[in-house]
Amino acid sequence: MARPLIIAIPKGRILEEALPLLARVGIEPEADFHNSKSRALRFATNQPDVSIIRVRAFDVATFVAHGAAQLGIVGSDVVDEFDYSELYAPVDLNIGHCRLSVAEPEGLAAEDQATMSHVRVATKYPGLTRKHFEAMGVQAECVKLNGAMELAPSLGLSRRIVDLVSSGATLKANGLVETSVIMDVSARLIVNRAAFKMRSGELTPLVEAFRRAVGVKDAA
Ligand SMILES: Nc1ncnc2c1ncn2[C@@H]1O[C@H](COP(=O)(O)OP(=O)(O)OP(=O)(O)O)[C@@H](O)[C@H]1O
Ligand SMILES: O=P(O)(O)OC[C@H]1O[C@H](OP(=O)(O)OP(=O)(O)O)[C@H](O)[C@@H]1O
């Protein structure tokens, strides 16, 4: 029997928007997937040859880059932070919209950006943060956090943070203001490049089904 295709999806906030999209593609996870008490991580679907794994957002990219899963759904923030050469991201799924921004405490005395040579930044995105500041000739020293970055300035961990912003409510509640936008973010369908070549008979129609499901015309 052929090996099943494995689709990695994140546990967090993209999941809710991803499920209707998967349903439009014709993939529905088994009932246990919706049972919050279930400790299972891998689930069968209504398609006998497709399984779903539910993992942390950053790990979606890692499972797919290493070929442990052939397909995944993940934010472009994660795709760009890792910049794995093994990943192909053919479809913008038009869900999980937010932006990656630099923020700092409101009312902080403005620094002269032109003479600044070094900054300390708390972030889950050290790669994108360094790149962003490097482009301005500034060296960024990153303190890696996995959440609650907004606490860092008030507790003296770093003056600035780089984090995802959507409504801006989290920044506001923590006395921070956005000072620049690094990139706009939305979720992408990602595919392992080697699998895409070796299993194109299965993967090409699936990628096209995702494209149709988000209303994007087939690639030329
Ligand atoms: N405020 C937001 N609005 C819309 N999309 C968001 C927002 N925050 C995050 N996302 C998207 O959802 C993805 C997962 O978000 P986040 O890292 O907050 O989830 P999580 O459940 O905390 O993940 P994990 O526990 O694995 O770190 C992000 O990579 C991003 O693409
Ligand atoms: O601008 P807003 O609409 O307030 O959204 C921004 C918040 O959303 C994300 O966190 P999330 O809620 O996913 O929690 P976590 O990253 O701390 O797990 C992000 O890390 C911000 O904290």
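**Helix α1, the nonpolar cores and the shell of ligand 2**

On one side of helix α1, Glu 16 and Pro 20 are exposed. This description rests on a predicted model, and the helix is a convenient place to begin. Its other side looks quite unlike this one: Ile 14, Ala 18, Leu 21, Leu 22 and Val 25 are buried. Viewed down the helix axis, these buried residues fall within an arc of 105°, so they line one face of α1. The pattern fits a familiar rule. An α-helix has 3.6 residues a turn, so residues three or four places apart point the same way.

The length of the helix is also as expected. Twelve residues, 14-25, make up α1, and at 1.5 Å a residue they should span 16 Å; the C-alpha atoms at the two ends are indeed 16 Å apart, so the expectation and the model agree. After the helix comes Gly 26, with a positive phi near 95°. As for the partners of the buried face, the buried residues of α1 pack against three strands, β1 (5-10), β4 (71-75) and β11 (187-192), and against helix α7 (200-213).

Attention can now turn to the nonpolar cores. The largest has 39 residues, and within it Val 60 and Ile 190 touch the most other members. Leaving aside residues up to four places away in sequence, Val 60 is in contact with Ala 8, Ile 9, Pro 10, Val 55, Gly 72, Ile 73, Val 74 and Val 78. Apart from this core lies another, of 17 residues, including Val 121, Tyr 125, Cys 142 and Ala 152. In soluble globular proteins, nonpolar side chains tend to be buried together.

Ligand 2 offers a further point of interest. Its shell consists of Gly 12, Arg 13, Gly 147, Ala 148, Asp 163, Leu 164, Val 165, Ser 166, Ser 167, Gly 168, Ala 169 and Thr 170. Sorted by class, these are four nonpolar, six polar and two charged residues. Strand β9 (160-165) and helix α5 (169-173) each provide at least two residues of the shell, and the largest share, three residues, comes from β9.

One member of this shell, Ala 148, also stands out for its backbone: although not a glycine, Ala 148 has a positive phi of about 50°. Ala 148 sits in the loop between β8 (139-144) and β9, and counts as partly exposed because it has 13 C-beta neighbours inside 10 Å. Asp 83, likewise not a glycine, has a positive phi of about 55°. Asp 83 belongs to the loop between α3 (76-82) and β5 (87-92); with 11 C-beta neighbours inside 10 Å, Asp 83 counts as exposed.

Definitions and conventions: Residues numbered from 1 in each chain as written. Chains lettered and ligands numbered in written order. Predicted model: local features only at pLDDT ≥ 70, side-chain atom pairs only at ≥ 80, totals over all residues. Core = buried A, V, L, I, M, F, W, Y, C linked by C-beta atoms within 7 Å. Buried ≥ 20, exposed ≤ 12 C-beta atoms within 10 Å, placed from the backbone. Contact = placed C-beta atoms within 7 Å. Helix = DSSP H or I, 4+ residues; strand = E, 2+ residues; numbered from the N terminus. Expected span 1.5 Å × (residues − 1). Arc of directions from axis to C-beta. Near = placed C-beta within 6 Å. Nonpolar A, V, L, I, M, F, W, Y, C, P; charged D, E, K, R; others polar.
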